[in-house]
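Student: I should like to learn how structural terms are justified. Could we go through them one at a time?

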Amino acid sequence: ISGDGEEIDCYVLGVFEPLEKFKGKCIAVIHRTNDNDDKLIVVPENKEYSDDAIRALTEFQERFFESFFVR
């Protein structure tokens with residue numbers, strides 16, 4: 001459960017098709033400092049992403065929040 005009382009959300013990186021279910025690995029957490037809704041970063045088992053890549057791939061939504069990564 002996230003800080004907002006709902007199930008924690010995640011960004012699935014490295015998959016470019018609609019998903020009903022996904023099993024992967026969590027490589028980081030985006031901790032928002034000005035919002036109560038952190039996000040998991042989940043990727044396929046064989047993928048890795050740098051902090052810069054994660055920031056670039058999540059910027060479309062995260063630009064509205066102040067945050068940092070926890071690995």
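Tutor: The following conversation sets values against definitions.

Tutor: This is a predicted model, in which local features need pLDDT of at least 70 and side-chain atom pairs count only at pLDDT 80 or more, while totals for chains, interfaces and linings use all residues. Residues are numbered from 1 along each chain as its sequence is written, and side-chain values use heavy atoms, with hydrogens and water left out.

Student: What pattern does the protein follow along the sequence?

Tutor: The pattern is β-β-β-α-β, from one helix and four strands. Helices (H or I, at least four residues) and strands (E, at least two) are DSSP runs, numbered from the N terminus.

Student: What makes the protein as compact as a globular protein of that length?

Tutor: The radius of gyration, taken over C-alpha atoms, is compared with the globule rule, 2.2 Å times the number of residues to the power 0.38. For 71 residues the rule gives 11 Å, and the protein has 12 Å, which is close, so the description applies. The C-alpha trace spans about 30 × 25 × 20 Å along the principal axes.

Student: Which strands are called edge strands of the sheet, and why?

Tutor: The sheet is open, with four strands in the order 1-3-2-4 and mixed pairing. Strand 1 (9-12) and strand 4 (67-70) are the edge strands: each pairs on one side only. Two strands pair if DSSP finds at least two bridges between them. Strand 2 (residues 25-32) and strand 4 are joined by four bridges and run antiparallel; in strand 4, phenylalanine 68 is the bridge partner of histidine 31.

Student: Why are tyrosine 11 and phenylalanine 60 called an edge-to-face pair?

Tutor: Rings of Phe, Tyr and Trp (its six-membered ring) pair if their centres lie within 6.5 Å; planes under 30 degrees apart count as stacked, over 60 as edge-to-face and the rest as tilted. Here the centres are 6.0 Å apart and the planes are at 80°, which fits edge-to-face. Tyrosine 11 lies in strand 1 and phenylalanine 60 in helix 1 (residues 51-62), so the pair ties together parts 49 residues apart in sequence.

Student: Is each of these two residues buried, partly exposed or exposed, and why?

Tutor: Buried means under 20% relative accessible area, exposed over 50%, and partly exposed in between (1.4 Å probe, protein chains only). Tyrosine 11, at 11%, is therefore buried, whereas phenylalanine 60, at 49%, is partly exposed. Buried residues make up 28% of the 71 residues.

Student: How do you know that cysteine 10 is not bonded to cysteine 26?

Tutor: A disulfide is a pair of cysteine sulfur atoms within 2.5 Å. The sulfur of cysteine 10 is 8.3 Å from that of cysteine 26, its closest cysteine sulfur, so the two are too far apart for a bond. The count of disulfides is zero. Cysteine 10, at 41% relative accessibility, is partly exposed, and cysteine 26 is partly exposed at 43%.

Student: What makes arginine 32 count as sitting over the ring of phenylalanine 65?

Tutor: The rule asks that NZ of Lys or CZ of Arg be within 6 Å of the ring centre and within 35 degrees of the ring normal. The charged end of arginine 32 sits over the ring of phenylalanine 65, 3.6 Å from its centre.
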